[in-house]
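Here are some notes to read alongside the model, set out as numbered points. I hope they help as you look through the structure.

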Amino acid sequence: MTPLRLVFMGTPDFAVPSLAALIEAGHQVVCAYSQPPRPAGRGQQVQKSPVHRFAEERDIPVRTPKSLRNAEAQAEFAALGADVAVVAAYGLILPQPILDAPRLGCVNVHGSLLPRWRGAAPIQRSILAGDSETGITIMQMDIGLDTGAMLSKEAVAITPATTASSLHDQLAALGARMIVPALEGLAGGTLTAVPQPEEGVTYAAKLTREDGRLDWTRPAASVERQVRALTPWPGCWFDAANGERIKVLAAEPATGSGTSGTLLDDRLTVACADGAVRLVKVQRPGKAPVDGAAFLRGFALAVGQAVSAPISAETVAG
């Protein structure tokens, strides 16, 4: 196909493989848009986003506006004369003048099988919900929240071993494989966008740190999925009786039963409302991650005791 003149709009690691695929396919990426540099890491030094760094390494101009709602930003975007804009986890709402500027519109690489899991955190929400599959949808964008017509979609299985990290990488690679033929079909008129069905819509709300609080009064299967879905961000944790916040980095289903939240053995198996989970890797504040048995050797906690402090009504309400 004839190379397209395109703008790429993305920010995190998830978007980089799609940008790389577009460059490899011979398209002319005239500009990359990304979120502005922000403090990150242990030292909180200001850092450019993964897309920003990748684009600069390939001599692609990068723009980092805080908003696209003003006339100046919209005029600058339109002046690029793009055939199409490809969007992947960009992080800014695109107003109608931006959507209308490219000849072929704006196309989104979205990490779910739309209309399920529209919104900010589709990868994590699909695991949390116990879905058996998810995937990538290539979508023609409109003014709604992930409501545009679909150009293509492809599913991948979610297994008992699937984590947010592994699914992120799998979907990022899948999106990169799908975006090039999708653009070819769109430009050539051989691919028609299909409206999303009205049934089956769910929303993947943005994650907060509180989403990582472990609640032993929930079924063990739900707690175990929570750890797989929310590691590394926002991370899972519980507050121990001594006030320490203990991070849970890995967990697995286990046999056993008892009062929710009590320790069942010397391997850090915790009773839940239905079944139990074994906390495979945990981390105390300022300490290195250790397995459950090593944690218990350095922590005053006996079998039959509660592993965490009660959650106050004020905390739940807040």
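**Notes on the predicted model**

1. Let me start with L114, which sits in the loop between strand 7 and strand 8 (118–119). Please keep in mind that this is a predicted model. L114 has a relative accessible area of 1%, and because the cut-off for buried is under 20%, L114 counts as buried. Leaving aside residues up to four places away in sequence, L114 is in contact with T137, M139, D146, M150, K153 and Q196.

2. P115 belongs to the loop between strand 7 and strand 8. Its relative accessibility is 7%, so P115 is buried. Not counting residues up to four places away in sequence, P115 touches Q196, P197, E199, G200, V201 and T202. Q196 is thus a contact of L114 and of P115. In UniProt, an unreviewed entry carries the annotation "binding site" over S112, L113, L114 and P115.

3. Next, helix 1, where S18 is found (residues 16–24). Is S18 buried or exposed? S18 is buried, because its relative accessibility is 2%. Beyond residues up to four places away in sequence, S18 makes contact with F8, V109, G175, A176 and I179.

4. S18 has company: the buried residues of helix 1 are V16, S18, L19, A21 and L22. An α-helix has 3.6 residues a turn, so residues three or four places apart point the same way. What do the buried residues of helix 1 pack against? The strands are strand 1 (5–10), strand 2 (28–33), strand 6 (84–88) and strand 7 (106–110), and the helices are helix 2 (50–57) and helix 6 (164–188). After helix 1 comes G26, with a positive phi near 95 degrees.

5. Moving on along the chain, UniProt (unreviewed entry) places "domain: Formyl transferase C-terminal" at residues 206–299. Over residues 206–299, helix accounts for 18% of the chain and strand for 29%. The end C-alpha atoms of this stretch are 34 Å apart.

6. The second largest pocket may interest you. It holds about 380 Å³ of space. Its lining comprises 15 residues, of which R209, P232, P234, G235 and K247 are the closest to the centre. Strand 12 (236–239) and strand 13 (245–254) are the elements that give two or more residues to this lining. Strand 13 gives the most, with three residues. Sorted by class, the lining has seven nonpolar, four polar and four charged residues.

7. Now the charged pairs: the model has 12 salt bridges. One of them joins R213 to E210, with the closest N and O atoms 2.6 Å apart. R213 has a relative accessible area of 15%, so R213 is buried, while E210 is partly exposed because its relative accessibility is 42%.

8. R213 also forms a salt bridge with D239, at 3.9 Å from N to O. Why does this pair tie together separate parts of the chain? R213 lies in the loop between strand 11 (203–204) and helix 7 (220–230) and D239 lies in strand 12, so the salt bridge ties together parts 26 residues apart in sequence.

9. Another salt bridge brings together the side chains of R278 and E252, at 3.5 Å from N to O. This pair links distant parts of the chain, with R278 in strand 15 (residues 276–283) and E252 in strand 13, 26 residues apart. R278 is buried, because its relative accessibility is 14%. E252, at 31% relative accessibility, is partly exposed. Going back to R213, salt bridges with shared partners join E210, R213, D239 and R245 into one network.

10. Last, a look at A300, which is in the loop between helix 8 (292–297) and helix 9 (313–317). A300 is exposed, because its relative accessibility is 78%. How far apart are A300 and N242 in sequence and in space? A300 and N242 are 58 residues apart in sequence, with their C-alpha atoms 9.5 Å apart in space.

Terms used:
Residues are numbered from 1 along each chain as its sequence is written. This is a predicted model: local features need pLDDT of at least 70, side-chain atom pairs count only at pLDDT 80 or more; totals for chains, interfaces and linings use all residues. Side-chain values use heavy atoms; hydrogens and water are left out. UniProt positions are given in the numbering used here, feature names are shortened, and annotations may be inferred rather than shown by experiment. Helices (H or I, at least four residues) and strands (E, at least two) are DSSP runs, numbered from the N terminus. On a 1 Å grid over the protein atoms alone, a cavity is a set of points where a 1.4 Å probe fits but cannot get out, and a pocket is an open set with protein on both sides within 12 Å along at least five of seven lines; lining residues have an atom within 4 Å of a point. Grid points are joined across faces, edges and corners, and a volume is the space filled by probe spheres set on the points. Ala, Val, Leu, Ile, Met, Phe, Trp, Tyr, Cys and Pro count as nonpolar, Asp, Glu, Lys and Arg as charged, and the others, Gly among them, as polar. Buried means under 20% relative accessible area, exposed over 50%, partly exposed in between (1.4 Å probe, protein chains only). Contact means heavy atoms within 4.5 Å. A salt bridge is a side-chain nitrogen of Lys or Arg within 4 Å of a carboxyl oxygen of Asp or Glu.
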